[in-house]
Amino acid sequence: MASTAAQPGAHRLEALEMLKVIFKCFYSAAHMAICEQVQQDIRDWMQIFLGTAESLSASGHEQEAAGVAKCRKWIFHILFRFCARHGSRRRCVNGGEAFAEAWSAEFAAPVANVCLTEACSP
C-alpha cells in the first residue's frame, strides 16, 4: 500500500487515505503504552513509518498533496511519540524500560535522520 501511495497512479488517493487511517489508529492505540504484539513487530512498523516518510512526496495535484501532508503529519506524530515517551526509559510506562532501551538503540538514529531531513528540506 505504501508503494502505491508513493507513486502517481489511479489508486494513489485511496492508498493515501488508507495509510492515513492506519497511522491515526496506530497513534491512538499506542497513546500510553506499546502492547506486546506491537513490541514484537516494531521493526516492521518502523520500516513502514520510516520508509513512507522518506518516499512520500507531493505531486502537482492539490488532492494528492493534501493526502501526502496528512500521512506525513501522522507519521511524524508517531515518531515524536516514540522519541518522547516509548523510547525514553524515564517516560515509559508499565515496565517498558527494556523496550525503550532496545528501541532507542535500533531506531533513534534513523528517526533523527528522517526528522532532520524533513526539517531541512525546502
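Contact means heavy atoms within 4.5 Å. The model is predicted: local features need pLDDT of at least 70, side-chain atom pairs count only at pLDDT 80 or more, and totals for chains, interfaces and linings use all residues. Residues are numbered from 1 along each chain as its sequence is written, and side-chain values use heavy atoms, with hydrogens and water left out.

**Exercise 1.** Determine how many helices and strands the chain has.

Solution. Helices (H or I, at least four residues) and strands (E, at least two) are DSSP runs, numbered from the N terminus. The chain holds 6 helices and 0 strands. Along the sequence this reads α-α-α-α-α-α.

**Exercise 2.** Compare the radius of gyration of the chain with that of a compact globule.

Solution. The radius is taken over C-alpha atoms, and the globule rule is 2.2 Å times the number of residues to the power 0.38. For 122 residues the rule gives a value near 14 Å; the chain has 15 Å, which agrees.

**Exercise 3.** Find the residues with the most contacts inside the largest nonpolar core, and the helix that gives the most to this core.

Solution. A nonpolar core is a set of buried (under 20% relative accessible area, 1.4 Å probe, protein chains only) Ala, Val, Leu, Ile, Met, Phe, Trp, Tyr and Cys residues joined through side-chain atoms within 4.5 Å. The largest has 28 residues, and Phe23, Ile42, Met46, Phe49, Leu79, Phe82 and Trp103 have the most contacts inside it. At least two residues each come from helix 2 (12-29), helix 4 (42-55), helix 5 (62-86) and helix 6 (97-120). Helix 5 gives the most, 8 residues.

**Exercise 4.** List what Ile42 touches, not counting residues up to four places away in sequence.

Solution. Ile42 touches Phe82, Phe99, Trp103 and Phe107.

Terms used: Buried means under 20% relative accessible area, exposed over 50%, partly exposed in between (1.4 Å probe, protein chains only).
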